[in-house]
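Grab a pencil and work through these exercises one at a time. Try each task before you read the solution under it.

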Amino acid sequence: MEDAEATATASLTPADAYWFVTRYDPDAEASYVPPDQVQENTVEFWHDWVHTCDIAECIFEGAWHDLAVRSGLALKLLTHEETGAICAAPTTSLPEDVGGVRNWDYRYNWIRDAAFTVQALANLGHTYEAMRYVNWFLERCHAGEPAEIQPLYGLHGETELTEEELDHLDGYRGSKPVRIGNGAADQRQLDTYGELILAVSETTRFADIVSEDDWEALRGIVEYVCDVWDERDAGIWEVRDGPKHFVFSKVMCWVALDRGIAMAEENGFDAPTDRWSDVRDRIKSTTLEKGYDEENGYFLQAFGDDDTLDAAGLLVPVVGFLPVDDDRVQNTIDAIQARLASDDGLVKRYDGDDGLPGEEGAFLWCSFWLVNALALSGRIQEAEDLFTSLSGYVNHVGLLAEEIDPESGSHLGNFPQGFSHIGLINSALYLAHAKDGGESTTKPMGMRLGDGISLGNTE
């Protein structure tokens, strides 16, 4: 070795294998493990971890079984081994609009994804990872007051995620700026509280994870929601054109109260459930009055935003806010198909202005939400056809980006994207349950929550 440069030469024939190992470790000799043993250990670990089953009896039985398993592996690879936190993607600034400014740092853990991640991991049999993931969020609940809970955190719980632009970098295919950090960490997103409570509620279905101290923190969050639900926020999509009364944020505030009441009653936890019930009813009546466009027949993106659709409306029946056979739900599904979906079923997040120039692609997560909504509605063949079409965008190693360009089919945004794989797993789950008539024992949340949830017309 000379001038911090290491060189080596080896001559190999086609049948030879030769390992090169570079490391810095004062105790290298004592801790050395032969590379072929490291490889063998690695293969053994993944074979032991991966979802295994009798495929004939697996809920993921069918053509999508291997896709769901591969997506589970992707989520595991996005998981920080020390903390259990799961990053949205391992990359930053891969563009949603090539050559444009929609370039974000996704190397963080979003509360928004929590409940859907728990469902995906648990149904693949990875309950340990699901519990670690939710316990990580419970630690955030104890770290401060409810008002201080952020939409996203660093993988060690870091709160300072200041967004910076690296002007000396050109960006992928000239897409500037390149960013590190994410300003959404400083936003107020009221939907976060519902997603957090829902994640904990989903986890209690298979694990006793909520201690009395945890409940004190969770009760404080529900109490806080009672006080702030009628205020403006930045919403699930983290828009940068000012706070609004986002409909989905109101729905998730309702979820925080609904699931909070359920956990209190089911576990005997102390809580002012009568007050919570009154506020829950008030949220629902206000949202239905101001958030649903009676004339056009669909849920709006925000109060007063006439003629603006949001794909998050597809989650209204999934979280139990309204039964799937409610006309307002069915009208919203039809409107989203007509206005936000491409001919191939790729769904855009919304059709309103978000304060940024350029056009983004279609969100795969939203597209999978449409599969779920159709499956819940009993439109099973339609849901299966859409799922098959979306599965065609999986690349040669089984991975998905954040978005798809509806015209070219190109992957856009950060890659691989955790919520795209969460969406694939959960859509396979909804389809499987819909096809067996909803008789399976472990039902996805859209088949359990709320009054009147049903498969509807299964023709």
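**Exercise 1: a small sheet**

In what order do the three strands of the open sheet stand, and is the pairing parallel or antiparallel?

*Solution.* Keep in mind that you're looking at a predicted model. Start with the order: the three strands line up as β7-β8-β9. Their pairing is antiparallel. Next, look for the edges. These are β7 (362-363) and β9 (411-412), each of which pairs on one side only. Now zoom in on one pair. Strand β8 covers residues 403-404, and two bridges join β7 to β8. Within that pair, A362 has I404 of β8 standing opposite. As background, strands of a sheet pair through backbone hydrogen bonds, either parallel or antiparallel.

**Exercise 2: hunting for disulfides**

Work out how many disulfides the structure holds, using C87 and C226 as test cases.

*Solution.* The cut-off you need is that two cysteine sulfur atoms must be within 2.5 Å. Take C87 to begin with. The closest cysteine sulfur sits in C366, 20 Å away, so a bond is ruled out because that's too far. Then try C226. Here the closest cysteine sulfur belongs to C253, at 9.5 Å, which is again too far for a bond. For the whole structure, the count comes to zero disulfides.

While you're here, check how covered these two cysteines are. The cut-off for buried is under 20% relative accessible area. C87 has 9%, so it counts as buried. C226 has 8%, so it is buried too.

**Exercise 3: holes inside**

How many cavities of 30 Å³ or more does a search of the whole structure find? Describe the largest and the second largest.

*Solution.* The search turns up five cavities of that size. Go to the largest one, which holds about 240 Å³ of space. Its lining is made of 20 residues, and the ones nearest its centre are W104, Y106, W237, E238 and R349. Sort that lining by class and you get 11 nonpolar residues, one polar and eight charged.

Now for the second largest cavity, with about 70 Å³ of space. Residues lining the second largest cavity include V247, F248, V251, F299 and D310. Which element gives the largest share of this lining? That's helix α8 (residues 247-267), with three residues. By class, the lining of the second largest cavity splits into seven nonpolar, two polar and one charged.

**Exercise 4: charged pairs**

Find the salt bridge partners of R339, and say which parts of the chain each pair ties together.

*Solution.* A bit of background helps: side chains of opposite charge can pair when their charged atoms come close. The cut-off here is a nitrogen-to-oxygen distance within 4 Å.

Step one: R339 makes a salt bridge with D307, with the closest N and O atoms 2.9 Å apart. R339 sits in helix α10 (residues 327-339) and D307 in the loop between β6 (298-299) and α10, so this pair ties together parts that are 32 residues apart in sequence.

Step two: R339 also makes a salt bridge with D351, and there the closest N and O atoms are 2.4 Å apart. D351 is in the loop between α10 and β7, so the pair ties together parts 12 residues apart in sequence.

Step three: check accessibility. R339 comes out at 34%, D307 at 43% and D351 at 30%. Each is partly exposed.

Step four: set this beside the salt bridge between R259 and D258, at 3.1 Å from N to O. R259 has 14% relative accessibility, so it counts as buried. D258 is buried as well, at 11%.

Step five: zoom out. The whole structure has 25 salt bridges. Bridges that share partners also join E163, E165, R179 and R240 into one network.

**Exercise 5: one leucine**

Where is L429 placed, and is L429 buried or exposed?

*Solution.* First, the place: L429 is in helix α13 (residues 418-435). Second, the accessibility: at a relative accessible area of 0%, L429 is buried. Third, relate L429 to N103. The two are 326 residues apart in sequence, and their C-alpha atoms are 32 Å apart in space.

Definitions and conventions. Residues numbered from 1 in each chain as written. Predicted model: local features only at pLDDT ≥ 70, side-chain atom pairs only at ≥ 80, totals over all residues. Heavy atoms only, no water. 1 Å grid on protein atoms, 1.4 Å probe; cavity = no way out; pocket = protein on both sides within 12 Å on 5 of 7 lines; lining within 4 Å. Points joined across faces, edges and corners; volume = space filled by probe spheres on them. Nonpolar A, V, L, I, M, F, W, Y, C, P; charged D, E, K, R; others polar. Helix = DSSP H or I, 4+ residues; strand = E, 2+ residues; numbered from the N terminus. Buried < 20%, exposed > 50% of the residue type's maximum accessible area, 1.4 Å probe, protein only. Pairing = 2+ DSSP bridges. Salt bridge = Lys/Arg side-chain N within 4 Å of Asp/Glu carboxyl O.
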